[in-house]
Amino acid sequence: MHSPQLRALPFSRKPLPALALAVHLACAGLIVAGIQPAQAQQAGSTASYTIPAGSLAEALSLFAQQSGTPLSFEADRLQGLQTRGLQGNYSVERGYYVLLQGSGFRIGKTPAGYVLLPAASNAGDAAPDDSVLPQVTVMANQLGEISEGTGSYTAGAIATATRLVLTPRETPQSVSVITRQKMDDFNLTSIDSVMAHTPGISIVTWDSERTEYYSRGFAIQNFQYDGIPMQRDSAYSAGNTLSDMAIYDRVEVLKGATGLLTGSGDPGATINLVRKKPTRQFQGHVAVGAGSWDNYRTEVDVGGAVNESGSLRARAVATYQDRHSHLDRYQRDTTVFYGILEADLGPRTLLTLGADYQNNKPRGSTWGGIPIHDSNGNFNDMPRSFNNGANWSHWEQYTRTAFATLEHQLENGWVAKMQLNHQINGYDANLGAAAAGYPNPANGTGTELWVGQYIGRTTSDAADVYVSGPFSLVGREHELVIGGSFAKRRWKNDGYWNLPGYDFTVPDYYQWQGNAPEPAWGAPDYSNNETTREHGLYTTARWNLRDDLKLITGGRWSSYRNRDQELDESGVFVPYLGVVYDLDQNYSVYASYTGIFKPQSAQDEQGRTLDPLEGKNREIGLKAAFLDGRLNASAAYFDLVQDNFALATGGVTPRGTPAFRAAQGVKTRGYELEISGQLSPAWQVQAGYTHSVSRQQGERVTTLNPANQFSFFTSYKLQGQWQGLTLGGGARWQDKSWSMAYLPDNSSVKHVTPSYWLLDAMASYQFSDNLSGSVNVNNLLDKKYHTVFDWYSTYTWGEPRSVMLNLKYTF
């Protein structure tokens, strides 16, 4: 919802002694808590707090005492109001925000302390005053701080790395977060657009329905939904990279190996999509949009308390998008439904139930891309609108999810949490594409159709249970997490490709309009029915060695079984080690060592299955937090290695299949710079630069991932006579990349994709408290660029300049 600006409160500019203020307010019948200036927490710094759930008045008094800050409020006004409490490291302002979430109150800052104020819906047109903190809707839970309503481009506390709820500065790994505000400002309605804005992530387009994300030289196959891990299979895409962003609060990308919580996977990164949560106050919005190439979108989002006490809260989101494209004959309909219910079963127990549903129905789907070379061996330069798909070609993908969470606040600041997740990712792909061969520029001959049908789905069940809380040892308080997880994935697939008598010929590639008969699909040519089971125990401890030195130790004992692939790994230990040293109240240095593993089915010449791939990430860096955490910056140097990499020996296994040997695999070294958050109350920014090079035995590999990338996005809210207008824009640049592409004589040649810049722009205007409008322009200069799919020796053009207009009504 729109956060209105607040008038400055009529307090005297002359500072009053704390004791005099206390006496004055006490005479007025107010409570003044925490008047211990000598022990007050330093401005901008964080401290550890354990405030139990229960009475809001008692929690505020306790927090004021622990932080040593004066707070005045009328206790009668808070009668009957409850809070979930507070656990973890917070600044004073963040702590108050979290405790007051959903109460209808906020805090104001005066020269002598803090006062409790009503969270008025409209405080007039005056610009915010430094003496009053802006209204910020922040709520902390075991997934971290909610970004919706903060107006910020930076994250609060997050828990993706270790299950410990830590600020970015306290987390000894690189983490990039795209917040709700960033998504709203730049109209990031798809996960593809979110990844394009994420520093250090590059995107390779396979075809109209499949994209691949890369980080630190490796494809990202590890996804999380509210922290629950899921694996994606790029070849049989089933919805992960088509996710609509309407139901998510933020997207967190944890760089490097993440085996502590994800179990098996690749070491590049993990993407965690964190869902929106209900609010105690009734709120919502209706949005409509229209854009280039007949792109239409409607979104409804409504939530609030269901009963008078607010102990039962719900939220529902529905979205429909009819998106045509710059590609001839292509369109996709996307339907999304999401519902979530929160119930306070008691002052310490929270139950969450929810479900989401997404259907993606395209028509005229491409398969692969445009052949890189023509029959003469030259670059096959086709129009950006060229669609290689047959008119009947489609790759439908769908997602169905049901989830439940039970969270209970124990004594002494401990919490127990159980998460259950049931998810179905399915696809129905009936594909035909003019993509095989090399077109002859003279007459258009030389190409044929790829034709195939693939129908399947993956059904995933996952459970995660853990306890977390503080404990004392040798006079200091530390934090501990102990948990376990279980996951079962069953993949079923039928493939059809053997079509006797079907004419695959494309008479003239350059006149292709998708006119080809759909085959009469017969019985499946092959079927898959595989079940993978994973379970593990994990623990993390954050040792408070000194006030300025924290050590994080942890590990996971994992087991993995897939009998269909004859994979059975048990007792695999994945370590986690991190250390953070505070140089001062703003800067910290850190170092970390993390790991991950991935079973593989490759065998050596004796028929022995190779040991699992082992990814190791070593990282050192500098982090900084300014303006009470509203601006975060980081610089990291990383060294990532994947061992037991399968190299072909040229021989065969006893079964006659190609044999491999385990070798020290791909090594990636590089550095990352990132800044995100508030440069001033009206100015938000997110920018990053990444240098990353991967080598195997000294040779450069994974060259589809550019060695250098830069991104910069910003928005500014104008004041004065232009108040209500927000202007923004951004730029993305990536270095050249390349891959080997086949020529007509079956030899291969290096194909280079030149470096390129993309510029975007946005503007929004707040017409009233409820109505706003925005315009977004992507690829402002209409840059022509392409990405390469090296498996197929094909390429895909990037999207030309596009415009999207939106209207949004909030209530």
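**Notebook: helix α3, a cavity, strand pairings and three side chains**

I began with helix α3 (residues 92–100), which is mostly covered, 9 of its 9 residues being buried. I am working from a predicted model. The buried residues of α3 that I listed are Val 92, Glu 93, Arg 94, Gly 95, Tyr 96, Tyr 97, Val 98, Leu 99 and Leu 100. I then looked just past the helix and found Gly 102 with a positive phi of about 75°.

**Cavities**

I ran the cavity count and got 15 cavities of 30 Å³ or more. I picked the second largest cavity for a closer look and noted a volume of about 310 Å³.

Which residues lie nearest the centre of the second largest cavity? I wrote down Gly 85, Leu 86, Gln 87, Gln 142 and Gln 409, out of a lining of 25 residues. By class, I sorted the lining of this cavity into 10 nonpolar, 10 polar and 5 charged residues.

I next asked which strands supply the lining. At least two residues each come from β2 (47–51), β6 (86–90), β9 (140–141), β25 (394–409) and β27 (447–473). Strand β6 gives the largest share, with 4 residues.

**Glu 619**

I located Glu 619 in strand β34, which covers residues 613–626. Is Glu 619 buried or exposed? I count Glu 619 as buried because its relative accessible area is 1%, and the cut-off for buried is under 20%.

I then checked what the carboxylate-bearing residue meets. The side chain of Glu 619 has a polar contact with the side chain of Tyr 590 at 2.7 Å. A second polar contact, of 3.2 Å, links the side chains of Glu 619 and Arg 216. Leaving out residues up to four places away in sequence, I found Glu 619 touching Gln 173, Ser 174, Arg 216, Tyr 590, Ala 591, Ser 592, Ala 636, Tyr 637 and Phe 638. Arg 216 and Tyr 590 thus appear in this list as well as among the polar contacts, Arg 216 in one and Tyr 590 in another.

**Strand β30 and its partners**

I followed the pairing of β30 (residues 526–546) on to two other strands. With β28 (residues 476–496), β30 runs antiparallel and shares 17 bridges. In this part I looked up Arg 490 and found Thr 531 in β30 as its bridge partner.

How many bridges join β30 to β31? I counted 13, with β31 (residues 549–562) also set antiparallel to β30. Here Thr 539 stands opposite Gly 555 in β31. The link from β30 to β31 is a hairpin through 2 residues.

**A sheet of 3 strands**

I traced an open sheet with the order β24-β48-β47 and antiparallel pairing. Its edge strands are β24 (370–371) and β47 (786–789), each of which pairs on one side only. I looked at the pairing of β24 with β48 (residues 794–797), which is antiparallel and has 2 bridges. Pro 371 is the residue I found opposite Thr 794 in β48.

**Arg 400**

I placed Arg 400 in strand β25, one of the strands that supply the lining of the second largest cavity. Arg 400 counts as partly exposed because its relative accessibility is 25%, between the limits of 20% and 50%.

What does the side chain of Arg 400 meet? I found one of its polar atoms 3.2 Å from the backbone oxygen of Gln 358. Setting aside neighbours within four places in sequence, I recorded contacts of Arg 400 with Asp 356, Tyr 357, Gln 358, Asn 359, His 422, Gln 423 and Ile 424. I also took the C-alpha to C-alpha distance from Arg 400 to Trp 293, which is 29 Å across 107 residues of sequence.

**Met 418**

My last residue was Met 418, in strand β26 (residues 415–437). I put Met 418 down as partly exposed because its relative accessible area is 33%. Outside four places in sequence, I found Met 418 in contact with Ala 404, Thr 405, Leu 406, Asp 464 and Val 465. For a long-range check I took Met 418 and Ala 648, which are 230 residues apart in sequence and 44 Å apart in space, C-alpha to C-alpha.

How values were computed
Residues numbered from 1 in each chain as written. Predicted model: local features only at pLDDT ≥ 70, side-chain atom pairs only at ≥ 80, totals over all residues. Heavy atoms only, no water. 1 Å grid on protein atoms, 1.4 Å probe; cavity = no way out; pocket = protein on both sides within 12 Å on 5 of 7 lines; lining within 4 Å. Points joined across faces, edges and corners; volume = space filled by probe spheres on them. Nonpolar A, V, L, I, M, F, W, Y, C, P; charged D, E, K, R; others polar. Buried < 20%, exposed > 50% of the residue type's maximum accessible area, 1.4 Å probe, protein only. Polar contact = N/O pair within 3.5 Å; in protein donor to acceptor, adjacent residues only side chain to side chain. Contact = heavy atoms within 4.5 Å. Pairing = 2+ DSSP bridges.
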